[in-house]
Amino acid sequence: MHDPRVLLDPATDAVRRLARRGFALDVASLEKLLAARNAAIHRGDDARAESRRTATSVRSASADDRPALVERARELKGVIAEAEAEARDLDAQLQDLLLGIPNLPADDVPDGSSEDDARFVRGWGEPPTFDFTPRDHVDVAEGLGILDLQRATKLAGPRFVVLRGKGAKLERALARYFLDVAEGNGYT
């Protein structure tokens with residue numbers, strides 16, 4: 001996720017770089033949302049500081065002044081809760097906005113918004129041709145019973161894998177092979 005300060009910094013030239021990818025960064029909305037979030041945080045911090053001062057004053061106040069200070073402390077709790085809720089809501093909006101912004105392209109990347117705009121730089125060899133429809137490696141591994149994605153999702157969440165049987169043995173064999181070859185090449 002992007003840092004909004006980097007996107008708003010003129011030195012990064014984020015608006016122009018994102019435009020090269022076909023993305024129009026709404027700087028005004030980003031600045032407005034960031035300012036509103038910062039104002040809510042600041043309002044909550046100020047109320048929290050005043051609440052601490054009021055709590056200290058309550059202890060040393062006379063019996064006549066104490067009820068007004070206690071009432072003010074209650075008001076400040078409400079202000080703090082309201083400011084924190086507003087800051088959380090604005091932070092969620094800011095995060096949604098930032099997650100929708102693509103990565104900034106490097107200067108040597110061609111302009112465009114899809115792979116159709118990319119240019120072929122170099123290739124090696126000929127792509128293989130098959131007399132059958134190739135299957136995805138996940139389908140092959142699940143068909144062989146060496147991969148269990150459903151169990152992995154239950155154990156660790158999405159994008160994890162559980163290797164079973166020969167799949168687990170293959171994983172350990174590859175790690176051992178790497179260590180043997182690396183050790184033979186001076187790896188310690």
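**Close-up views of a predicted model**

**View 1. Arg5 and Asp3 pair through a salt bridge, with their closest N and O atoms 3.0 Å apart.** Everything shown here and in the views below comes from a predicted model. Arg5 is the exposed partner, with a relative accessible area of 60%. Asp3 has 29% relative accessibility and counts as partly exposed. As background for this view and the next ones, side chains of opposite charge can pair when their charged atoms come close. The structure holds 14 salt bridges, and a few of them are picked out in these legends.

**View 2. A salt bridge joins Glu84 to Arg48, at 2.5 Å from N to O.** This pair links distant parts of the chain, as Glu84 belongs to helix H4 and Arg48 to helix H3, with their positions 36 residues apart in the numbering. Have a look at how open each side chain is. Glu84 is partly exposed at 33% relative accessibility. Arg48 is partly exposed too, with a relative accessible area of 24%.

**View 3. Within helix H4, Glu75 and Arg72 meet in a salt bridge of 3.1 Å, N to O.** Here both residues sit in H4, three residues apart, which is about one turn of the helix. Glu75 has a relative accessible area of 40% and is partly exposed. For Arg72 the value is 30%, again partly exposed. Elsewhere, salt bridges that share partners tie Asp13, Arg16 and Asp107 into one network.

**View 4. Helix H4 spans residues 66–99 and carries a set of buried side chains.** With 34 residues, H4 reaches 49 Å from its first C-alpha to its last, close to the 50 Å expected at 1.5 Å a residue. The buried residues in this helix are Leu76, Ile80, Ala83, Ala87, Leu90, Leu94 and Leu98. What lies over them? The cover includes H1 and helix H3, the latter running over residues 27–60.

**View 5. Thr12 sits in the loop between helix H1 (4–8) and helix H2 (14–19).** Is this loop residue buried or exposed? Thr12 counts as buried because its relative accessibility is 19%, and the cut-off for buried is under 20%. Leaving aside residues up to four places away in sequence, Thr12 touches Val6, Leu7 and Arg17.

**View 6. Asp13 lies in the loop between H1 and H2 and has a positive phi.** The phi of Asp13 is near 55°, a positive value in a residue other than glycine. That is worth a second glance because most residues other than glycine have a negative phi. Asp13 is partly exposed, with a relative accessible area of 31%. Asp13 also takes part in the salt-bridge network with Arg16 and Asp107.

**View 7. Arg20 is a buried arginine in the loop between H2 and H3.** Its relative accessibility is 13%, so Arg20 counts as buried. Which residues does Arg20 touch, not counting those up to four places away in sequence? They are Pro105, Ala106, Asp107, Val109, Pro110, Asp111 and Gly112.

**View 8. Arg159 also has a positive phi, of about 70°, although it is not a glycine.** Find Arg159 in the loop between helix H6 (149–156) and H7. Arg159 is exposed, with a relative accessible area of 85%.

**View 9. Two aromatic pairs are counted in the model.** In one of them, the ring centres of Phe130 and Phe132 are 5.2 Å apart and the planes stand at 45°, so this pair is tilted. Phe130 has a relative accessible area of 48% and is partly exposed. In the pair made by Phe178 and Tyr187, the centres are 6.1 Å apart and the planes at 55°, so it is tilted as well.

**View 10. Phe178, Leu179 and Tyr187 make a nonpolar surface patch of about 320 Å².** Phe178 lies in helix H7, which covers residues 166–184. This phenylalanine is partly exposed, with a relative accessible area of 48%. Tyr187 counts as partly exposed at 48% relative accessibility.

Technical notes:
Residues numbered from 1 in each chain as written. Predicted model: local features only at pLDDT ≥ 70, side-chain atom pairs only at ≥ 80, totals over all residues. Heavy atoms only, no water. Patch = residues over 30% accessible without salt bridge, like charges linked within 9 Å, V, L, I, M, F, W, Y side chains within 5 Å. Areas by Shrake-Rupley, 256 points an atom, 1.4 Å probe, with all protein chains shown as cover. Salt bridge = Lys/Arg side-chain N within 4 Å of Asp/Glu carboxyl O. Helix = DSSP H or I, 4+ residues; strand = E, 2+ residues; numbered from the N terminus. Buried < 20%, exposed > 50% of the residue type's maximum accessible area, 1.4 Å probe, protein only. Contact = heavy atoms within 4.5 Å. Expected span 1.5 Å × (residues − 1). Phe/Tyr/Trp six-rings, centres within 6.5 Å; stacked < 30°, edge-to-face > 60°.
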